[in-house]
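Colleague: I would like to learn how to read a few features of a model with you. Could we take them one at a time, with the general idea before the case?

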Amino acid sequence: MNETNQKVSVLTRPLVVMVLALLCCALWGSAFPCVKIGYELFGIQGPSSQLLFAGYRFVLAGVFTFAAACLMEKRLVTIQRSSIPYVCGQGLLQTTIHYLFFYIGLANTAGSKGAIINGSNAFFAIILAHFLIRNERFTLKKAIGCVFGFAGVVLVNLAPGALGGGFSLTGEGFIVLCSIAYGASSVTMKMISHRENTTVITAYQFMFGGSILILIGLLTGGKVEAASGAAWGMLLYLGILSTVAFSIWAMLLKENPVGRVAIYGFSIPLFGALLSALMLGENIVSWNSVCALVLVCVGILIVNRN
């Protein structure tokens with residue numbers, strides 16, 4: 001009992017939550033340029049191959065997470081039969097649906113622009129938590145923060161600038177849909193986290209959701225050709241980052257209110273835009289891109305302010 005209480009107290013400390021949440025967001029931010037680089041290294045063309053690539057990444061992440069859970073538990077980890085529908089549902093939402101929109105959308109927009117739009121997932125999580133989780137009310141402060149955040153998303157899509165203005169359904173539209181899916185998955189993970197160890201849930205939902213992506217990719221003619229060592233190294237990194245980020249995030253969600261954790265999503269557009277600029281050579285210096293980043297960050301900071 002003392003050991004459990006100690007773990008809970010550590011994961012609810014503000015400094016610990018901040019450091020671990022920012023680590024997760026930095027890893028997710030790096031995924032924006034890394035996925036686009038992966039497309040080039042593997043020579044991936046078209047939605048079918050993009051989904052197949054995503055499926056391989058998340059099945060790999062599931063295997064890594066499963067191995068980590070077995071090492072931590074010192075046994076072969078399983079889930080209860082009663083938990084199977086919930087874990088499979090989480091896999092469909094958090095991995096299959098979320099990344100179906102993410103991988104196709106990111107192929108049709110700039111990495112930095114996608115990162116800024118994706119910052120809205122924190123607001124969707126806060127709004128949905130109000131309706132689905134008791135004691136997570138949508139207050140006036142949260143409403144004001146959401147207005148700022150969505151204003152940033154609208155600005156980066158409508159105003160011309162270095163990131164390119166305009167809005168396409170399969171580009172920016174799909175990134176918005178993936179943000180909704182991920183915001184919802186943060187809430188559902190909180191709701192089912194009492195059923196199983198969160199690392200075990202993450203492992204199984206990755207493998208299930210990733211397998212569905214592979215199946216969709218193969219049935220629609222997708223191909224991921226054998227490539228260089230750099231290509232496989234990138235796929236390995238993407239799998240590892242998902243294992244680390246989602247496992248830590250799930251543990252934080254279990255021990256804290258959704259809003260307290262999701263709020264650090266403000267750093268995903270920062271990390272994503274900066275790393276896209278560094279790794280892809282994208283120009284993020286324009287009045288609308290800078291203002292959009294500021295609005296998204298200010299919005300989430302308002303929600304988090306005591």
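Colleague: Which backbone oxygen lies 3.0 Å from a polar atom of the side chain of Ser193?

Modeller: A polar contact is a pair of N or O atoms within 3.5 Å, where within protein one must be able to donate a hydrogen and the other to accept it, and residues adjacent in sequence count only if both atoms are side-chain atoms. Here the partner is the backbone oxygen of Lys190, 3.0 Å from a polar atom of the Ser193 side chain. Please keep in mind that this is a predicted model, in which local features need pLDDT of at least 70 and side-chain atom pairs count only at pLDDT 80 or more, while totals for chains, interfaces and linings use all residues. Residues are numbered from 1 along each chain as its sequence is written, and side-chain values use heavy atoms, with hydrogens and water left out.

Colleague: Where does Ser193 lie, and is Ser193 buried or exposed?

Modeller: Helices are DSSP runs of H or I with at least four residues, strands are runs of E with at least two, and both are numbered from the N terminus. Ser193 lies in the loop between helix 8 (169–192) and helix 9 (198–219). Buried means under 20% relative accessible area, exposed over 50%, and partly exposed in between, with a 1.4 Å probe and protein chains only; Ser193, at 5%, is buried. Counting contact as heavy atoms within 4.5 Å, and leaving aside residues up to four places away in sequence, Ser193 touches Thr198, Ile201 and Lys254.

Colleague: What is the phi of Lys74, and where does Lys74 lie?

Modeller: Most residues other than glycine have a negative phi. Phi of Lys74, however, is positive, near 60°. Lys74 lies in the loop between helix 3 (47–73) and helix 4 (84–107), and Lys74 counts as exposed because its relative accessibility is 77%.

Colleague: Which residues form a nonpolar patch on the surface?

Modeller: Such a patch joins nonpolar side chains (Val, Leu, Ile, Met, Phe, Trp, Tyr) within 5 Å, from residues with over 30% relative accessible area and no salt bridge, that is, no side-chain nitrogen of Lys or Arg within 4 Å of a carboxyl oxygen of Asp or Glu. Leu140, Ile144, Phe148, Val290, Val294 and Val298 form the patch, with about 480 Å² of accessible area together, as found by the Shrake-Rupley method with a 1.4 Å probe. Helix 7 (140–158) and helix 13 (287–304) each supply at least two of the patch residues. Phe148, in helix 7, counts as partly exposed because its relative accessibility is 32%.

Colleague: How many helices and strands does the protein chain have?

Modeller: The protein chain has 13 helices and zero strands.

Notes:
Patches are made of residues with over 30% relative accessible area and no salt bridge: like charges are joined within 9 Å, nonpolar side chains (Val, Leu, Ile, Met, Phe, Trp, Tyr) within 5 Å.
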